[in-house]
Amino acid sequence: MSADRYAVLGHPIKHSKSPRIHQIFAEQTGQNLSYSAQEVMPEHFQDAVTKFFAQGGKGLNCTVPLKELAWAFAAQKTPRAQLSKAVNTLKLEQDGSILGDNTDGIGLVTDLTLNHDITLADKRVLILGAGGASRGIIGPLLEQKPATLVIANRTIDKALGLAEEFQTIAPVAGCGFAELTGQQFDLILNATSASLSSELPPLPPALLAENGVCYDLAYGNEPTPFVRWGRDQHAIKSLDGLGMLVEQAAEAFFIWRGVRPETQAVIALLNSERTGTPP
Ligand code: NDP
């Protein structure tokens, strides 16, 4: 029997570790599938997804900068995808419809709480960035009952708009980076794509509270600029998003195949292959 086809779409995509991760999950669980990476610009998204499913593809992951487009594409959405207005997982259903889900939030929360033993309850949490990734993580973060949640973004209106959308669940504040001066947070999450171009958002001094944690959703062979910033700020942990990547992939795999892969060995393997000093 031919292997079921899956893929990740995004731009840029060539350094994606998702094909490797899903191949390992498939071997581990005995699932017959293939998983490729396809470079897709936003203007070609609709055509690329339509063609993929028309040619028998079973499921897609969508990454930067396609998650909001994937949300608009999915005819059916899970409640968490509906809430976030961003989709990173598309699944062909039995009736031929396309289901959209978002596994970023559960991937992040699993990595923070289970893999790194970080509690979020009563913590002051700051999210940098207001794009597709931020949309996916806000709901699951709020479920952990932080004391406060602030979203800061370069384009201030996007932070304000996003904060407004989630007000029905819990108080969320939005602002620009300059307005962070004088505030302190126990957990700072970098959900901007600044690290992809080796940049760091402009952050004021003393932003991280004593015993605070920094977490960059981006990841790389070398520590990202934000992970290095966290170390400079004496974070007790300054982590990158490799663990989140594996955990969100495991959740997507479960949605597609109904089997939950084991993640620890995969995280350890990918960490061991980094050429730089891992976070
Ligand atoms: P989007 O393109 O949807 O959003 C990008 C965000 O980054 C916007 O808020 C944008 O601000 C901001 N930004 C971009 N460049 C800069 C800069 N130089 N300085 C400050 N802010 C900047 O991307 P996503 O939300 O989908 O992804 C964001 C990051 O999260 C990426 O690095 C991605 O790799 C990572 N990610 C990791 C995952 C994992 O599993 N580890 C899962 C999902 C995402 P503005 O609105 O002003 O343009």
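I began with the shell around the ligand and asked which element gives the most to it; α9 does, with 3 residues. I keep in mind that this is a predicted model.

**Shell**

I counted the neighbours next. The ligand is surrounded by 26 residues. Ala133, Asn153, Thr155, Lys158 and Glu199 are the closest. I sorted the shell by residue class and got 12 nonpolar, 9 polar and 5 charged.

**Polar contacts**

I looked up which atoms face the ligand oxygens. For Lys158, a side-chain N or O atom sits 2.7 Å from an oxygen atom of the ligand. For Arg154, I noted 2.9 Å between a polar side-chain atom and a ligand oxygen. Gly132 uses its backbone: a polar atom there is 2.9 Å from an oxygen atom of the ligand.

I then checked the cover. On its own, the ligand has 930 Å² of accessible area, and the protein covers 87% of this. I also listed the elements that give two or more residues to the shell: α6 (132-143) and α9 (242-257).

**Cysteines**

How many disulfides does the structure hold? I found 0. I wanted to know why Cys214 has no bond to the closest cysteine sulfur. That sulfur belongs to Cys175 and lies 16 Å from the sulfur of Cys214, so the two are too far apart for a bond. A disulfide needs the sulfur atoms within 2.5 Å.

Is Cys214 buried or exposed? Cys214 has 0% relative accessibility, so I logged it as buried. Cys62 is at 1% relative accessibility, so I entered it as buried too. The cut-off I used for buried is under 20%.

Methods: Residues numbered from 1 in each chain as written. Predicted model: local features only at pLDDT ≥ 70, side-chain atom pairs only at ≥ 80, totals over all residues. Heavy atoms only, no water. Near = heavy atom within 4 Å. Polar contact = N/O pair within 3.5 Å; in protein donor to acceptor, adjacent residues only side chain to side chain. Areas by Shrake-Rupley, 256 points an atom, 1.4 Å probe, with all protein chains shown as cover. Helix = DSSP H or I, 4+ residues; strand = E, 2+ residues; numbered from the N terminus. Nonpolar A, V, L, I, M, F, W, Y, C, P; charged D, E, K, R; others polar. Buried < 20%, exposed > 50% of the residue type's maximum accessible area, 1.4 Å probe, protein only.
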